Every structure is written in structure tokens, then in C-alpha cells.
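Biologist: I should like to learn how to read a model of this kind, one feature at a time. Please show me the sequence and the structure before we begin.

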Amino acid sequence: MGDEKLKQELLYMVKLASKYDFTRMEVVEGILRLENERQILGSVFGKRFKARIFDIAAGQATDEKCVICGKHADNHVICQHCIDTIGDSDYAKSQFKTVEKPKLKLKFNIKPAVKINLNLKSCLQVIAIIVLVLLLIFQIWIAILWHSIPNYNPKEEPRNSSFEITPVTSVDEAYAQILLDFPEEEGYTVTFGRMDYEYVGRFDLKPGDCCLEIEEGLSDEERYDYFFTEDVYIFYISYLENHTGKVGMAEINGDGEIILEGSFNDGRRTDSFYKFR
Ligand SMILES: [Zn+2]
């Protein structure tokens, strides 16, 4: 510990000797005042050093010998050899490292910048979160709109006949049956089109069944029976009132069963017949 203390003391002296002009009394007074507080220069070398710099400041002649080794010193305090030896010592280097610590403190002064960066980061994070939340809300809004679209274009159940199946043997009888469901007094116009053939299977469906949808799912065996044909009467039906228009056609077979195609089944495909009666 004593050795450490001496090394510290010698290094301190070298630093002072390299840095200050001891001919200025205010400098020497400052060093001695500090020394009174800290009591660093306590060894024989330190005491010599204090006496020497005071003499120099006071303008007194000195022996110009190094206070450490006794050889000639150009600066009248410590010779260049001692300055170099002590300044280059491992101890001095380790001290310089610790002396450099204040520089590290300077680096810590960069902290505000780091803080600003961190603030910026968290600020950006907050903005990102807000943007994501807004996106989410927007998506939910779109989803709600999407699901509400069917409300604008409701899929109505297909209209089914409320009349009994009644066999027909002529165009007039067929016409009369169609008129039951589409009476002229309610604004319908029913016109006989022609006689034609139609698939037998279509008349065997349940009321409301879509012919094309059913036919897509038929097995080969079912198709065999389904696609036989029979005679039908075909009628055109129209309904025009102000801004509403409905058109379509009805087919009725000899049994009096009816299939319907056109815009009488809102929300369903209008390119296919469906079983009506
Ligand atoms: Zn010396």
C-alpha cells in the first residue's frame, strides 16, 4: 500500500511538473492549497517537491537538481529521465486508464440522444399500434358492410303455388291453371307460347327445388329416369307496374304440375326452372 501511495505521489508530481509553470506564484499557491486538502505529497520526495516549487515561485535560487533522483533537472524540479520513466511506467498507464474514465462519462452524456432515440422508438411503436388498430376497425367495418349486403339484396324464398295440382288436357285448361297463380286483375299478363317437350324429372321435384342445381348432383342411374321427356304447354308471363318488372315463363305438363323460370324468384338463379306446383 505504501508502494502504491509512493507511485501515486511520484506520478502526481510528474503531472504537475509537465503541466504547470512554477514561476507563477498563483499556480504554486493553488497546488499547495489543494495539497493541504488532499495530503498527497507526504513522502520525502513530495516534501522536497513542495519546497522546490515554492522556492521557484518566490524567485529564490535552487540547486536545479531533480527532487526525485538528484540529477540535473532543466525545469529545476524533476529531470526528463524521471518524467519519462514515471510517465511510461505500468502504474502510470493504468492510472491514465482510470483517468480516462471521465471520457466515459462524456460518452454517458450521449444518453439524452439515446433517450431521444428510445422516445422516438416508443413513439413510432405507439403510432404503429394506432395504425394497426385503425386498420382493424376498418376491416371490421368492411366485414360488417359485407355481411349487411344481403340485407340490401335479400334472398327471398321462391314463390310456390298455393293451388292444387289439377290435370289439364288442352291449352285452355292449362291457361286457366296458370291464371290461378298469375291473375290479370293483379297485373299479370299470361300469353300462350307453344307446346314443347320437357324433362320428366323436373316435374317430380319438390316445390322450390332448382332444376339445374338438382341436375348437377344426379347419379347416372337417376339421370336415366330424369331425362325422359313429356309434352308441356309453355306460357310467357309478364308483370309491369311503374318501376317494377317481372318476366318469365311457366311450363305445365298433363298432370297439371308447373315449373317456372324468370324473375319470380328473387335472390335465386333466374336462368333455371324451379318446381312451382
Ligand atoms: Zn530525476
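Biologist: Which residue takes a positive phi just after H3?

Modeller: Gly 59 does, with a phi of about 85 degrees. Please note that this is a predicted model, in which local features need pLDDT of at least 70 and side-chain atom pairs count only at pLDDT 80 or more, while totals for chains, interfaces and linings use all residues. Residues are numbered from 1 along each chain as its sequence is written.

Biologist: How many helices and strands are there in the chain?

Modeller: Helices (H or I, at least four residues) and strands (E, at least two) are DSSP runs, numbered from the N terminus. By that rule the chain has 11 helices and 5 strands.

Biologist: Which elements of the chain have the lowest and the highest mean pLDDT?

Modeller: pLDDT is the predictor's confidence in each residue, on a scale from 0 to 100. Helix H6 (residues 101-108) has the lowest mean among the elements, 45, and helix H8 (residues 171-181) the highest, 96. Over the whole chain the average is 85, and 87% of the residues score at least 70. Residues 99-109 stay under 50, and the model has 0 contacts for them beyond four places in sequence. A contact here joins two residues whose C-beta atoms, placed from the backbone, lie within 7 Å.

Biologist: What span does H3 reach from its first C-alpha to its last?

Modeller: The expected span of a helix is 1.5 Å times one less than its number of residues. H3 has 15 residues and reaches 21 Å, close to the 21 Å expected.

Biologist: Which residues in H3 are buried?

Modeller: A residue is buried if 20 or more other C-beta atoms lie within 10 Å of its own, exposed if 12 or fewer, and partly exposed in between, with C-beta atoms placed from the backbone. In H3 the buried residues are Gly 46, Phe 49, Arg 52, Ile 53 and Ile 56. They lie on the same side of H3, because they cover an arc of only 125 degrees around the axis. The arc is that of the directions from the helix axis to the C-beta atoms. An α-helix has 3.6 residues a turn, so residues three or four places apart point the same way. Val 44, Lys 47, Ala 51 and Ala 58 are exposed on the other side of H3.

Biologist: Which residues in H4 are buried?

Modeller: Cys 82, Ile 83 and Ile 86 are buried there. Their arc around the axis is only 100 degrees, which puts them on the same side of H4.

Biologist: How many residues has the largest nonpolar core?

Modeller: A nonpolar core is a set of buried Ala, Val, Leu, Ile, Met, Phe, Trp, Tyr and Cys residues joined through C-beta atoms within 7 Å. The largest has 21 residues, and those with the most contacts inside it are Met 13, Val 14, Ala 17, Cys 66, Val 77, Ile 78 and Cys 82. Helix H1 (2-19), helix H3 (44-58) and helix H4 (80-87) each supply at least two residues of this core. H1 gives the most, with 5 residues. Cys 66 is in contact with Lys 71, Ala 73, Ile 78, Cys 79 and Cys 82, if its neighbours within four places in sequence are left aside. A second, separate core of 20 residues includes Ile 178, Phe 203, Val 232 and Phe 235.

Biologist: In what sense do S1 and S2 pair, and over how many bridges?

Modeller: Two strands pair if DSSP finds at least two bridges between them. S1 and strand S2 (residues 229-241) pair in the antiparallel sense over 11 bridges. One bridge partner in S2 is Thr 229, which is matched with Tyr 199.

Biologist: Why does Val 232 count as buried?

Modeller: Val 232 counts as buried because it has 23 C-beta neighbours inside 10 Å. This residue is found in strand S2. Not counting residues up to four places away in sequence, Val 232 touches Asp 196, Tyr 197, Glu 198, Glu 251, Ile 252 and Asn 253.

Biologist: Is Thr 191 buried or exposed?

Modeller: Thr 191 counts as exposed, because it has 12 C-beta neighbours inside 10 Å. Thr 191 is found in strand S1 (residues 188-199), where the count of buried residues among 12 is 0. Beyond four places in sequence, Thr 191 touches Phe 235 and Tyr 236.
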